[in-house]
Amino acid sequence: MKNRFKSLVLKKPSRQEVLTETKDFIAINLGLISYAIGWASFLLPYKMTTGGLTGMCAILYYLTNIPIQVSFFVANIILMVLALRELGIKFVLKTTYAIIMLSFFLNAAQAMMTSPDGELMQILGPGQDSMACILGAVLCGLGIGTVFVSNGSTGGWDIVAAVVNKHRNISLGRVMLYIDIFTIGSCYFFFDSWRMVVFGYVTLVVVSYTTDMIVNSARQDIQFIIFTKDHIALSERIIKETSHSVTVINSEGYYSHTPVKIMITIVHKNEAIQILRMIHEVDPEAFVSQSRVEGVFGNGFNKIKLK
């Protein structure tokens, strides 16, 4: 029994971990606010939907008038209870927090957008469906991307994905895409409206593209190739002050025929300035090449996912 719930034991966090978690929670809140504004200000007033659990809740709202935040909250809590033992306390706390806050922000945003007659206001005016679709999708994608970059989750099918990825080294992107296509396509049978289907797919594409832009830009990695006279001191600093290692290659300068050490290291984008400062402090005359790299897998970076 102890082993089954071992992942639920809380450890005392360090000061750095507290600061990191605080930054993550602030960013997660900003992302959730952007997501809620996208739905309440643009998608819901113009009766649009998209994929995922939120899209399903939007369809339910259009059919029954059950507030989207209510069905979203209930569905996510059920998923969280079912997945509690599999995901561990850290993921559960962050995701539960995101679910509660997103439900709150959705409710608050809709309250602000509701006119005296009880209808959601179309702030762009009637007939501005295309612009509402784009603006709503961009805000939603911006919000989701910000939450993902901050190691958070908006709940929904992300919970299912987290459980499956724990046991299988696969990506659920294709399965989720099929679910999204089915969800949006069902609008035609419920509402007899090709308009909702078309705008739903446009919204899905824009949300996905915006999310990818945010996530990829934040998780870009940088490769440094360093020619230095003091590779030992610099290597020790990089290893000690970052979570990354260094590869040192023996080489020879062709013109001078003198031996030289080439250091190669790959770090996250937000660590690039720190590496440059180390280089300047250890060897100001070092020759440095810096370049962006994509698809870095292994210790300290991304795990390989088979689609």
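**Exercise 1. Ile78 and the nonpolar patch**

Task: Find the helix that holds Ile78, and decide whether Ile78 is buried, partly exposed or exposed.

Solution:
- Ile78 lies in helix α3 of this predicted model.
- The relative accessible area of Ile78 is 48%.
- Exposed means over 50%, and buried means under 20%.
- Ile78 is therefore partly exposed.

Task: Which residues form a nonpolar patch on the surface together with Ile78, and which helix gives the largest share?

Solution:
- The patch is formed by Leu60, Ile66, Val70, Phe73, Val74, Ile78, Leu82 and Ile100.
- Together they have about 670 Å² of accessible area.
- Helix α3 (residues 68-87) gives the largest share, with five residues.

**Exercise 2. Thr95 and Thr154**

Task: Place Thr95, then list what Thr95 touches beyond four places in sequence.

Solution:
- Thr95 is found in helix α4 (residues 89-113).
- Its relative accessible area is 1%, so Thr95 is buried.
- Not counting residues up to four places away in sequence, Thr95 touches Met80, Ser153, Gly155 and Ile159.
- Thr95 and Gly156 are 61 residues apart along the chain, and their C-alpha atoms are separated by 9.6 Å.

Task: Where is Thr154, and is Thr154 buried or exposed?

Solution:
- Thr154 has its place in the loop between α5 (129-149) and α6 (157-167).
- Its relative accessibility is 11%, so Thr154 counts as buried.
- With residues up to four places away left out, Thr154 touches Leu32, Phe72, Asn76, Leu102 and Val147.

**Exercise 3. Pairing around β3**

Task: State in which sense β1 and β2 pair with β3, and give the number of bridges.

Solution:
- Take β1 (residues 221-228) and β3 (residues 259-268): they pair in the antiparallel sense over eight bridges.
- One position to look up is Gln223, which stands opposite Ile266 in β3.
- Now take β2 (residues 247-252): six bridges join β2 to β3, and these strands run antiparallel.
- Here Val248 stands opposite Met263 in β3.

Task: Which residue in the hairpin of β2 and β3 takes a positive phi?

Solution:
- The hairpin has six residues between the strands.
- His257 takes a positive phi near 55° in this hairpin.

**Exercise 4. The two sides of α10**

Task: Sort residues of helix α10 into buried and exposed ones, and say how the buried ones are arranged.

Solution:
- The buried residues of α10 (residues 272-282) are Ala272, Ile275, Met278 and Ile279.
- They cover an arc of only 120° around the axis, so they are on the same side of α10.
- The face turned away from that buried side carries the exposed residues Ile273, Arg277, His280 and Glu281.
- The buried residues of α10 pack against β1, α9 (231-241), β3 and β4 (287-293).

**Exercise 5. Positive phi in two loops**

Task: Locate Lys47 and Asp192, and give the phi and the exposure of each.

Solution:
- Start with Lys47, in the loop between α1 (15-43) and α2 (52-64).
- Lys47 is not a glycine, yet its phi is positive, about 50°.
- With a relative accessible area of 45%, Lys47 is partly exposed.
- Go on to Asp192, in the loop between α7 (173-191) and α8 (194-218).
- Asp192 is a residue other than glycine, and its phi is positive, near 50°.
- Its relative accessibility is 58%, so Asp192 counts as exposed.

Notes: Residues are numbered from 1 along each chain as its sequence is written. This is a predicted model: local features need pLDDT of at least 70, side-chain atom pairs count only at pLDDT 80 or more; totals for chains, interfaces and linings use all residues. Side-chain values use heavy atoms; hydrogens and water are left out. Buried means under 20% relative accessible area, exposed over 50%, partly exposed in between (1.4 Å probe, protein chains only). Contact means heavy atoms within 4.5 Å. Patches are made of residues with over 30% relative accessible area and no salt bridge: like charges are joined within 9 Å, nonpolar side chains (Val, Leu, Ile, Met, Phe, Trp, Tyr) within 5 Å. Accessible areas come from the Shrake-Rupley method with a 1.4 Å probe; for residues, only the protein chains shown count as cover. A salt bridge is a side-chain nitrogen of Lys or Arg within 4 Å of a carboxyl oxygen of Asp or Glu. Two strands pair if DSSP finds at least two bridges between them. The arc is that of the directions from the helix axis to the C-beta atoms.
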